[in-house]
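Hi,

Here is the structure I promised to pass on. Have a look at it first, and my notes follow underneath.

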Amino acid sequence: MCADRQDVDIAEVFRKVSRTGIGTSSGIIIDSKRVDMLAAEIVAARSVVMSSEAKSEQSEKNTTEMNVTKSATATPALPSSSTEITGIQIGAGQKAEFKSLDSHFENICECQKCPLGATRTKFVYGVGSPTADLMFVGEAPGKNEDEQGEPFVGRAGKLLDKILAAIDLTRSEIYIANILKCRPPDNRDPQSDEMEHCFPYLKEQIAIVKPKIIVSLGRISDQSLLQNKLALGKMRDQWHSYQGIPLRVTYHPAALLRNPNFKRGCWEDMQIIQAEYKRLSS
Ligand code: SF4
């Protein structure tokens, strides 16, 4: 099926839903007007992916904000002392070795433990509130991140901002970091030895920030945090635990740009995360 045909079909599905209204398996009631808006964004987002980098800049300005229903969802049961698929020790917690993110950054920003240190433009440490209750973890810096030294900038970053806005959050209220601090060449997947060297840095960031919830964005991040080799689809739709911290898995924003079919699932994930975030923060 060609990309354009797929866009039309996806949009049509959402329009049909908007006319009838349905309850999803997670109990979310789809609001008709907002589903129409989501359908429009699916078409727009797909066109962004199919455009050149220069065209996409212009295209993105016209992309409708991710703005779908904010209806309440039932909060799922969090893992108590164990979970079926996590490989990380549950409930153990971790004591931070550094007093602050600043001192940790100063200690590691010249790192050359793996070959990526030699090819990076900028070290991409993390951004956001050092006391955030919600921490997002991605895979590795891309081209824009490597140039700017900040995680989740560029098109995927802008989409993340829209996703956050849809659950009434901004970048400054959360903390964002990646598994790797340096960009893999040509945005290839991180290699296991690179993640092995770099993962302790993320562990320390988590120990310093002490988030109440971790949101893992994409397969690479999921597999690193949960220490397994499972596909993302097998890790979604349930709560996991990282060192006793509730962890939810969802799609990486770049994956949403490549495949708008994932957007609905991401939205359902984000509603569940929002509900739990509000509960834990109240
Ligand atoms: S990717 Fe991580 S381990 Fe490798 S050089 Fe960069 S900071 Fe060091």
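I'll start with the ligand, and for that I count a residue as near a molecule if its C-beta atom, placed from the backbone, lies within 6 Å of it. On that basis the residues around the ligand are Cys111, Gln112, Lys113, Cys114, Leu116, Gly117, Leu180, Lys181, Cys182, Glu194, His197 and Cys198. Bear in mind that this is a predicted model: local features need pLDDT of at least 70, side-chain atom pairs count only at pLDDT 80 or more, and totals for chains, interfaces and linings use all residues. Numbering runs from 1 along each chain as its sequence is written.

The ligand shell divides into six nonpolar, three polar and three charged residues (nonpolar is Ala, Val, Leu, Ile, Met, Phe, Trp, Tyr, Cys and Pro; charged is Asp, Glu, Lys and Arg; the others, Gly among them, are polar). Both α5 (116-119) and α8 (192-209) supply at least two residues each, and α8 gives the most, with three.

As for the overall fold, the protein chain has twelve helices and six strands, taken as DSSP runs numbered from the N terminus (helices H or I, at least four residues; strands E, at least two). Of its 282 residues, 41% are buried, meaning that 20 or more other C-beta atoms, placed from the backbone, lie within 10 Å of the residue's own.

Strand β6 (residues 245-250) is a nice one to look at: six of its six residues are buried. Ile245, Leu247 and Val249 point one way, and Pro246, Arg248 and Thr250 the other. β6 pairs (at least two DSSP bridges between the strands) with β4 (residues 213-217) in the parallel sense over four bridges, where Ile214 is partnered with Leu247. Strand β5 (residues 240-242) runs antiparallel to β6, with three bridges, one of them putting Tyr242 opposite Ile245 as its bridge partner. β5 and β6 form a hairpin with two residues between them, and Gln243 in the turn has a positive phi of about 50°.

Finally, the largest nonpolar core has 53 residues, of which Met135, Val137, Ile174, Ile179 and Ile214 touch the most other members. (A core is a set of buried Ala, Val, Leu, Ile, Met, Phe, Trp, Tyr and Cys residues joined through C-beta atoms within 7 Å.) Its largest share, seven residues, comes from α8. Leaving out residues up to four places away in sequence, Met135 touches Ile174, Tyr175, Ile206, Val209, Pro211 and Ile214, a contact being C-beta atoms, placed from the backbone, within 7 Å.

Cheers

Note on methods. A residue is buried if 20 or more other C-beta atoms lie within 10 Å of its own, exposed if 12 or fewer, and partly exposed in between; C-beta atoms are placed from the backbone. Two residues are in contact if their C-beta atoms, placed from the backbone, lie within 7 Å.
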